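Colleague: Before I rely on the labels attached to this model, I would like to hear the reasoning behind them. Could you take me through it, one label at a time?

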Amino acid sequence: MQQSITIRLARRSFSIKAWLNEKSQVIKHWWLADSPTFTTLCGERFTRKEVVLMHVYAMAVLVACIVASWLEGGTL
């Protein structure tokens, strides 16, 4: 005796726009939240946005120094 199993997939309406809006709100909330590590270390209030941007700026300065040293013919 052979039994057949019917699997029904539960389908709900899926909107890409609604999903993107939800994810953008989550990211925006994280981006504007306080950074507990830097707030504790420095004693002032810093957001994650400020921390990420300062790290990006610091990396850009380091890359600029490396490129300048390389263009002058110096060794790293």
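Modeller: Let us begin with serine 35, which sits in the loop between helix H1 (16–32) and helix H2 (36–42); please keep in mind that this is a predicted model.

Colleague: Why is serine 35 called buried?

Modeller: Its relative accessible area is 7%, and buried means under 20%, so serine 35 meets the definition. Leaving aside neighbours within four places in sequence, serine 35 is in contact with Phe46, Thr47, Arg48 and Val51.

Colleague: What makes threonine 39 partly exposed?

Modeller: Threonine 39, which lies in helix H2, has a relative accessible area of 24%. Buried would require a value under 20% and exposed a value over 50%, so threonine 39 falls in between and is called partly exposed. With neighbours within four places in sequence again left aside, threonine 39 is in contact with Glu44, Arg45 and Phe46.

Colleague: How do you know that the side chain of threonine 39 makes a polar contact with the backbone oxygen of serine 35?

Modeller: The side chain of threonine 39 reaches that backbone oxygen of serine 35 at 2.7 Å, and the cut-off for a polar contact is a pair of N or O atoms within 3.5 Å, so the distance satisfies it.

Colleague: Why is methionine 54 called exposed?

Modeller: Methionine 54, placed in helix H3, has a relative accessible area of 52%, and because exposed means over 50%, the label applies to methionine 54.

Colleague: Which residues form the nonpolar patch on the surface?

Modeller: The patch is formed by Trp30, Val52, Leu53, Met54, Val56, Tyr57 and Met59, which together have about 660 Å² of accessible area. Helix H3 (residues 48–71) supplies the largest share of the patch, with 6 residues.

Colleague: What makes the pattern of the chain α-α-α?

Modeller: The chain has 3 helices and 0 strands, and reading along the sequence gives that pattern. Buried residues account for 4% of the 76 residues in the chain, while about 7600 Å² is exposed, with 64% of that area supplied by carbon and sulfur atoms.

Colleague: How confident is the predictor in the chain, and where is confidence highest and lowest among the helices?

Modeller: The mean pLDDT of the chain is 86, and 79% of its residues reach 70 or more. Confidence is highest in H3, at 94, and lowest in H2, at a mean of 92. Where pLDDT is low, the predicted coordinates should not be read in detail.

Definitions and conventions
Residues are numbered from 1 along each chain as its sequence is written. This is a predicted model: local features need pLDDT of at least 70, side-chain atom pairs count only at pLDDT 80 or more; totals for chains, interfaces and linings use all residues. Side-chain values use heavy atoms; hydrogens and water are left out. Helices (H or I, at least four residues) and strands (E, at least two) are DSSP runs, numbered from the N terminus. Buried means under 20% relative accessible area, exposed over 50%, partly exposed in between (1.4 Å probe, protein chains only). Contact means heavy atoms within 4.5 Å. Patches are made of residues with over 30% relative accessible area and no salt bridge: like charges are joined within 9 Å, nonpolar side chains (Val, Leu, Ile, Met, Phe, Trp, Tyr) within 5 Å. Accessible areas come from the Shrake-Rupley method with a 1.4 Å probe; for residues, only the protein chains shown count as cover. A salt bridge is a side-chain nitrogen of Lys or Arg within 4 Å of a carboxyl oxygen of Asp or Glu. pLDDT is the predictor's confidence in each residue, from 0 to 100. A polar contact is a pair of N or O atoms within 3.5 Å; within protein, one must be able to donate a hydrogen and the other to accept it, and residues adjacent in sequence count only if both atoms are side-chain atoms.
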